[in-house]
Amino acid sequence: MIIFDEINSVFKLDTNTTSYVMGLADGKYLGHIYYGKKLESTDLSYLLRTQEHPFVPSQKPFEKLSFLDSFPMEYPTGAIGDFRESCIDVRDGNGQTGLEPVYAGHRIYEGKDGLDGLPALWGDNCQTLEIALLDSCVGVKLLLSYSVFADCDAVIRSVKAENAGKDAVYLDRVLSACLEMDDEEYEMLSLPGAWSRERHITRQPLHSGSFVTESVRGESSHQDHPFLAAVSKNCTQTAGDVYAMHFVYSGNFLAKAQRNQYGTLRMALGIHPERFCWKLGPGEAFQAPEAVLVYSDEGLGKMTRTLHDLYRGHLIRSGYKGKERPVLINNWEATYFDFDTEKLLSIARESAKLGIEMLVMDDGWFGHRENEYSSLGDWVVNENKLPGGLGYLVDEVNKLGMKFGIWFEPEMISPDSDLYRRHPDWALQLKGRTPSLARGQLVLDLSRPEVVDYVYGCISKILHSANIEYVKWDMNRGVSDIGNTVLPPDRQGEISHRYMLEVYELQERLITEFPDLLLENCSSGGGRFDPGMLYYSPQIWCSDDTDAIERLQIQEGTQLLYPMSTIGAHVSDCPNDTLGRVTPFETRGVVALAGTFGYELDITKISQKERDMVPSQIAAYKKYAPLIREGDYYRIASFRENHLYDCYEIVSKDKTQAAVFFVQVFNEPSVRSRRIRLQGLKENARYEVDGKTYQGGALMYAGLLRERLRGDFQAEVIEVREISG
């Protein structure tokens, strides 16, 4: 529910358990008052501290600078006296920067509008508050949007900047959200990483100064994640305060926390201002992406479950969201570029016998691509490898009772390609410079409509040529050399964002023309695993590192924010392709259950013992798939923290069943048994575990004893079911 208290000039947004409160000072400055546990009162304007020094400008105009430098601005601006982190910088035709937007009205309405060209939260039982701020000097109007859903404890924010003046202006910075509060020795939680070790949970204290997590790679990136949370000093999975911000965007981002001299904390999130500049002509508007804000007073676990419910219910649109995903086998680690029709069919035949449901043909099927240095952009089937083309191959796979999927890298171009020889200017490049190669490839200039149309035409033609039911959309390098000869000099700073908008447009066109297609996003593994991508695809490849032990930390960081059903996870061969580690086939299967489940190996070459395990692994996946898609996630123990074992639990919404996933990384000879305290059950209900009966309260507070498993790298799944009567 959203209300405006006219007497106190206070806006209050309520979810089931939280309140988000703003207020007007001096009748025009919008300030942040409160975000936390749900409040009944709206008499909260005293928290703006306007009766303390410095007073509001109408009372002490000679101290306006001091006011601006200390007031908790809801959407702060720079260059006029607030020396803290700014959310927006506007440059006028004179080259001067400065903005002082003041309250110009508001509206509260049922529902929530979408964002043109951008991913956005959607759904019914929602209210939206739109607050207009206007700087009449520059002629810029800001529309701050806040939405709350009845079934989720989250606040969805965005901002639109409109040029209401007569002259063009330049947006040098447009962040999407800001949150300001008194600092109480919060620690900053972020998810840094690298290729093959994405999204590792990291906490560190914030003293005076700033903490930054960011990407200027043209993607949300392996190295950082568009998420930032302030957590109380002793915050755990079950207790403590969490203030989280998550960006619904897949390109460059900035997330920054700043503690100032007054002991206040300002967190800001949005498109990275580095190399960003957007020209706004008279009457034009710029829409910034959305940000998700979540407050939890019950630790990280409640934040996690809030985000999971929000994204399942109000972000993912694919019809596969509520469906069991097909168990697939991908040929990449099995063959790399060295395959032909018969090799793929040999994998398919053996896979079909074992119950695998889809064959995915990865990189190397097009142009004259025998390695990573050619043919990107030439999306024509290589019939030397695939005689008879895709039609024959797909028909033969379908005859085995299997579906067929295919890999694309639509955003890239190889210098050794027919496309580049025809259109060298279609690659992003800076005038007079030789662009930098990565993996032997350049980046297509998707800011150009003719390039977008070409790429989409190629994809569409391939998908119409055969019964293709799955697409893996890959992106294997960062975006550099960001320039072209099409846009004028004062619009070159728009290319990065235009590029991202066109990626979204391509994927929107794809799922519109092929509504039954299962789309999986990927970026050299998990380099673009973000909420923006989930709007278009229900699952994302989590990491190119498929080692089961490394995956524990990668998947823990991913599960912190994302439903397990969105996480691309496969059983791969050993020694592992990335690390060379050997882990039991059973353990690899249990770890891969924490996602979409599939195989990344040559099924014709693994041992008979491992082959015989595949049907039971698939049966386990199908058994737990409803829980994985819809259940509540609880993190019980972290290998990242204890360096011995990992444990998490999925509980059905009605609390009648649960599955506990336990991975013993290292055996401890001195430990007789391990106590596992479950979560999320009904205290007074009776549950059965391994044929024994326990009260829910006993399982949660006293715990369940499990004998240690024999050896390192062992795993098991523990079933918990309520007993009726």
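How do the residues of the lining of the second largest cavity divide into nonpolar, polar and charged? In this predicted model, they divide into 8 nonpolar, 1 polar and 1 charged.

**Cavities**

The lining of the second largest cavity is made up of Tyr-29, Leu-30, Leu-68, Met-73, Tyr-75, Thr-77, Ile-80, Glu-100, Pro-101 and Leu-133, and the space enclosed there comes to about 90 Å³. Counting cavities of 30 Å³ or more gives 6, and the largest of them has a volume of about 110 Å³. Rolling a probe the size of a water molecule over the atoms is what shows where such empty space is left.

The largest cavity has 15 lining residues, and those nearest its centre are Tyr-249, Asn-252, Ile-271, Ser-496 and His-497. Helix α8, which spans residues 495-513, gives the most to this lining, contributing 4 residues. By residue class, the lining of the largest cavity holds 6 nonpolar, 7 polar and 2 charged residues, while that of the second largest cavity holds 8 nonpolar, 1 polar and 1 charged.

**Aromatic pairs and charges over rings**

Across the whole structure, a search finds 36 aromatic pairs. One of them joins Trp-365 and Phe-366, whose ring centres lie 5.2 Å apart and whose planes stand at 75°, so the pair is edge-to-face. Trp-365 has a relative accessible area of 0% and is therefore buried, and Phe-366, at 0% relative accessibility, also counts as buried. A further pair is formed by Phe-597 and Tyr-599, with ring centres 5.5 Å apart and planes at 80°, so that this pair too is edge-to-face. Phe-597 is buried, with a relative accessible area of 1%, and Tyr-599 is buried, with a relative accessible area of 0%.

| Ring pair | Distance between centres | Angle between planes |
|---|---|---|
| Trp-365 and Phe-366 | 5.2 Å | 75° |
| Phe-597 and Tyr-599 | 5.5 Å | 80° |

Besides these pairs, ring pairs link a set of tyrosines, namely Tyr-20, Tyr-35, Tyr-146, Tyr-186, Tyr-243 and Tyr-295, into a cluster.

Rings also meet charged side chains in this model. The charged end of Lys-323 sits over the ring of Tyr-320, at 5.4 Å from the ring centre, and the charged end of Arg-551 sits over the ring of Trp-541, at 5.0 Å from the centre of that ring.

**The hairpin of β1 and β2**

Strand β1, covering residues 2-5, runs antiparallel to strand β2, covering residues 10-14, and 4 bridges join the two. Within this pairing, Ile-3 stands opposite Lys-12 in β2. The hairpin has 4 residues between the strands, and in this hairpin Ser-9 takes a positive phi near 55°. In a regular strand the side chains alternate between the two faces of the sheet.

**An exposed lysine on helix α4**

Is Lys-353 buried or exposed? At 64% relative accessibility, Lys-353 counts as exposed, because the cut-off for that class is over 50%. The residue belongs to helix α4, which covers residues 341-354. Measuring from C-alpha to C-alpha, Lys-353 and Gln-657 are 31 Å apart in space, with 304 residues separating them in sequence.

Technical notes
Residues numbered from 1 in each chain as written. Predicted model: local features only at pLDDT ≥ 70, side-chain atom pairs only at ≥ 80, totals over all residues. Heavy atoms only, no water. Buried < 20%, exposed > 50% of the residue type's maximum accessible area, 1.4 Å probe, protein only. 1 Å grid on protein atoms, 1.4 Å probe; cavity = no way out; pocket = protein on both sides within 12 Å on 5 of 7 lines; lining within 4 Å. Points joined across faces, edges and corners; volume = space filled by probe spheres on them. Nonpolar A, V, L, I, M, F, W, Y, C, P; charged D, E, K, R; others polar. Pairing = 2+ DSSP bridges. Phe/Tyr/Trp six-rings, centres within 6.5 Å; stacked < 30°, edge-to-face > 60°. Lys NZ or Arg CZ within 6 Å of the ring centre and 35° of its normal.
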